[in-house]
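User: Could you take a close look at one part of this model for me, namely a strand and the aromatic rings around it? I work on force fields, so please give the cut-offs along with the values.

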Amino acid sequence: MELHNTQSLFIYNSISKKKEKFNPINKGAVGMYVCGPTVYSNVHMGNCRTFLSFDLVFRYLKHLDYKVRYVRNITDAGHLENDGESGQDPIAKKARQENIEPMEVVQKYTVDFHQTMSRFNALPPSIEPTATGHIIEQIQIIENIIKEGYGYKVNGSVYFDVNTFNKDHQYGKLSGRKLEDMITNTRELAAQSEKKNPQDFALWKKASPEHIMRWPSPWSDGFPGWHLECTAMSTKYLGQQFDIHGGGMDLKFPHHECEIAQAEAVNKKSPVNYWMHANMLTLNGKKMAKSTGNNILPDELFSGENTVLSKAFTPGVAKFFMYQAQYRSILDFSNEALVASEKGYNKLMDAYRNISSITTADSSSNDISSWKQSCYDAMNDDFNSPILIAQLFEAVKYINTLKEGKTSITKEDLDLLQQTMQAFIFDVLGLTDITTEASGTNDTLCGAVELLIELRDQARANKDFATSDKIRNDLQEVGIQLKDGKDGTSFSLN
RNA sequence: GGCAUCAUGGCCGAGCGGCUAGGCAGAGGUCUGCAAAACCUUCCACAGCGGUUCGAAUCCGCUUGAUGCCUCCA
């Protein structure tokens with residue numbers, strides 16, 4: 001029996017603004033598309049948060065025994081900073097700055113993105129298509145949009161006619177905007193435009209002579225509009241209608257709105273059943289962004305080389321920190337919060353490791369089955385990871401009292417507890433054990449520290465506390481913490 | 001300016017009308033040669049003002065403050 005038959009998952013649908021029971025189009029299978037990064041610079045922690053939010057979604061769907069096809073694109077064609085005539089393409093800009101090919105820029109930052117995701121222990125998507133690999137598909141969609149009467153050509157460029165579309169469709173339904181309001185509130189743009197209306201968006205842009213990335217098309221040598229690639233690739237790999245479309249909150253408008261318009265214009269039906277938007281990670285109370293420089297990079301976090309944090313943090317701790325907030329909430333990145341999460345994370349992992357040393361009894365003082373279901377309830381409620389983590393800490397408390405002999409548990413319950421902890425900590429949350437993560441802990445070091453612990457024990461037995469304290473304090477200074485417990489001394493690296 | 005969202009204890013963060021999460025910090029305790037670590041116990045909330053209700057952090061209105069989108073953005 002597949003788990004999704006016994007667990008009912010509810011997802012907050014951005015378009016209805018309600019939590020809805022999740023029913024996939026094809027029983028037992030899920031199609032999910034998530035907007036990936038534009039690869040013209042290193043991904044920052046804010047970008048990572050979104051991808052880790054959807055990694056959690058992907059993992060939980062898989063855990064529920066769904067067959068998931070997870071498509072996440074790489075935007076490797078630069079798009080203009082605006083639809084006007086004066087925009088810059090960030091990839092081309094970077095290429096010029098570094099005096100390399102645009103595709104070298106793309107390659108460099110795609111590799112960086114993959115390495116970063118892998119350090120966070122995020123699963124790779126099932127398909128990771130690139131925009132430049134789907135130019136033909138995009139051209140076909142443009143032809144169809146024109147044929148349907150929703151696109152128009154100007155000087156070798158093609159634009160989507162939002163006004164015409166809005167006559168028989170509803171432009172703005174995802175982001176809750178009305179076209180009339182948008183027209184009323186149009187900003188005064190100095191630059192003249194080829195567009196009939198400021199709300200129209202580019203499907204194809206004719207390349208200016210100095211523009212490097214260009215492809216032939218029926219209209220001009222040029223490049224596709226930003227919104228088009230996602231429509232092309234999601235349709236190609238998931239069909240005209242699929243289950244889940246995700247992305248960062250900042251893509252809701254105009255990007256996702258335009259995707260809906262394009263797909264509806266061509267396919268005559270709404271492309272997505274469940275829209276999911278991950279909220280922003282802020283720094284100093286403001287959204288992290290590449291352009292403003294208000295951001296922190298994963299490498300700066302892992303190395304501790306940054307101005308915001310007092311020390312380095314592992315990828316697992318950072319991920320745990322982010323999962324302590326729900327994906328739809330704004331989360332502020334701060335030193336204090338990270339430190340707090342790190343302690344909690346270690347506590348959780350310690351307890352998990354201690355499960356193996358628990359002795360069992362004839363009866364259990366806690367109801368493991370209902371606790372297990374409460375873990376599912378948390379995740380079933382729109383992937384509420386903070387509540388899941390709270391539930392895991394309930395188990396931590398139980399494990400610790402078991403260890404102290406204050407409570408009891410049967411063999412069966414202990415196994416169930418262990419399996420459930422394992423499933424949620426490692427499979428669903430995708431966390432890694434910090435001791436293996438910081439695997440500077442090699443045998444050589446262990447041997448040396450064990451020896452020092454032994455010498456210290458002898459000194460203590462002889463009441464030579466000057467020596468024993470020197471060993472303890474000096475080790476502390478180099479970052480090794482000795483921990484005296486009931487059955488001997490252990491150590492950890494800080 | 002327009003459209004949204006949010007405001008919870010010292011800090012982070014759940015909560016979606018009654019049973020008032022969780023983590024960190026603080027306090028008390030157990031353990032210890034002393035510590036640290038670990039563990040146990042525990043204090044502290046719902047931006048302000050009205051309203052609906054037997055009952056509101058939770059629903060409605062107003063006020064104040066913050067953020068996001070309206071241009072590339074996760």
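Analyst: Happily; here is a walk through strand E6 and its surroundings, followed by a few other spots.

A word on conventions before we start. This is a predicted model, in which local features need pLDDT of at least 70 and side-chain atom pairs count only at pLDDT 80 or more, while totals for chains, interfaces and linings use all residues. Residues are numbered from 1 along each chain as its sequence is written, chains are lettered from A and ligands numbered from 1 in the order in which they are written, and side-chain values use heavy atoms, with hydrogens and water left out.

Let us begin with the strand. E6 spans residues 157-160; helices (H or I, at least four residues) and strands (E, at least two) are DSSP runs, numbered from the N terminus. Both of its faces are covered, with Ser157 and Tyr159 buried on one side and Val158 and Phe160 buried on the other. Here buried means under 20% relative accessible area, exposed over 50% and partly exposed in between, using a 1.4 Å probe and protein chains only.

E6 has two strand partners to consider, where pairing requires that DSSP finds at least two bridges between the strands. E5 runs antiparallel to E6 and is joined to it by four bridges, one of the partnerships being Gly151 with Phe160. E5 and E6 form a hairpin with two residues between them. In that turn, Asn155 has a positive phi near 50°, in a residue other than glycine, and Asn155 is exposed at 55% relative accessible area. E7 (residues 201-206) also pairs with E6 in the antiparallel sense, over three bridges, and there Tyr159 has Ala202 as its bridge partner.

Now for the rings. A pair of aromatic rings is described by the distance of the centres and the angle of the planes. Rings of Phe, Tyr and Trp (its six-membered ring) pair if their centres lie within 6.5 Å, and planes under 30 degrees apart count as stacked, over 60 as edge-to-face and the rest as tilted. By this rule there are 18 aromatic pairs. Tyr150 and Phe160 are stacked, because their ring centres are 6.4 Å apart and their planes meet at 15°. Tyr150 sits in the loop between helix H4 (135-147) and strand E5 (151-154) while Phe160 is in E6, so this pair ties together parts that are 10 residues apart in sequence. Tyr150 is buried at 5% relative accessibility, and Phe160 is buried at 0%. Phe160 also pairs with Phe165, and this contact is edge-to-face because the centres are 5.4 Å apart and the planes are at 65°. Phe165 is buried, as is Phe160.

Aromatic contacts turn up elsewhere too. Tyr60, Tyr376, Phe383 and Phe424 are linked by ring pairs into a cluster. The charged end of Arg177 sits over the ring of Phe253, 3.9 Å from its centre; the criterion is NZ of Lys or CZ of Arg within 6 Å of the ring centre and within 35 degrees of the ring normal. Phe253 is also joined to Pro254 by a cis peptide bond, with omega about 0°, and Pro254 lies in helix H8 (residues 252-267).
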